[in-house]
Amino acid sequence: MKTNIPLLRMGQKVWATVEEILDDKEILINFDGDLLRIANKSSRRFRTGQRIQLHVESTSPLHFRLVEAKRLQLGINIEI
């Protein structure tokens, strides 16, 4: 059961850790103990253990945008 996902609000920024690289287009992230498989629609490559900041674009359906340190933002979609 995903306990933290229902608490997300649109516009919120959250941190997650990359748990596993599934392939070039999918990664598994750990969001406060909840594991999410996300579709990476950006050209960005991630590494296991990397912390990423996500901006909640919508909650139904759940959609995040990657927040970059340099203010460059790349789109990613979530599948749960």
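**A tour that starts at a proline**

Select P61 to begin, which you will find in the loop between β4 and β5, where strands (E, at least two residues) are DSSP runs numbered from the N terminus. The model is a predicted one, in which local features need pLDDT of at least 70 and side-chain atom pairs count only at pLDDT 80 or more, while totals for chains, interfaces and linings use all residues. Residues are numbered from 1 along each chain as its sequence is written, and side-chain values use heavy atoms, with hydrogens and water left out.

Now add S60 to the selection: the peptide bond from S60 to P61 is cis, with omega near 5°. Most peptide bonds are trans, and most residues other than glycine have a negative phi.

Next, show the two strands on either side of this loop, β4 (51-59) and β5 (62-67). β4 and β5 form a hairpin with two residues between them, and they pair in the antiparallel sense over six bridges, where pairing requires that DSSP finds at least two bridges between two strands. To see one of these partnerships, select Q53 together with V67, its bridge partner in β5.

Stay in strand β4 and select H55. Is H55 buried or exposed? H55 counts as buried because its relative accessibility is 14%, the cut-offs being under 20% relative accessible area for buried, over 50% for exposed, and partly exposed in between (1.4 Å probe, protein chains only). The side chain of H55 reaches the backbone oxygen of G11 at 3.4 Å. Leaving aside neighbours within four places in sequence, H55 is in contact (heavy atoms within 4.5 Å) with several residues, among them G11, Q12, H63 and F64.

F64 leads to the next stop, since it is one of the residues with the most contacts inside the largest nonpolar core, alongside L8, I29, L36, I52 and L54. This core has 17 residues, and such a core is a set of buried Ala, Val, Leu, Ile, Met, Phe, Trp, Tyr and Cys residues joined through side-chain atoms within 4.5 Å. Strands β1, β2, β3, β4 and β5 each supply at least two residues of it.

Move now to D32, in the loop between β2 and β3. Phi of D32 is near 50°, a positive value in a residue other than glycine, and D32 counts as exposed because its relative accessibility is 59%.

Finally, colour the chain by pLDDT, the predictor's confidence in each residue, from 0 to 100. The chain averages 84, and 82% of the residues score at least 70. Among the elements, β1 has the highest mean pLDDT (94) and strand β6 (residues 73-79) the lowest (59). Where pLDDT is low, the predicted coordinates should not be read in detail.

Conventions. Helix = DSSP H or I, 4+ residues; strand = E, 2+ residues; numbered from the N terminus. Polar contact = N/O pair within 3.5 Å; in protein donor to acceptor, adjacent residues only side chain to side chain.
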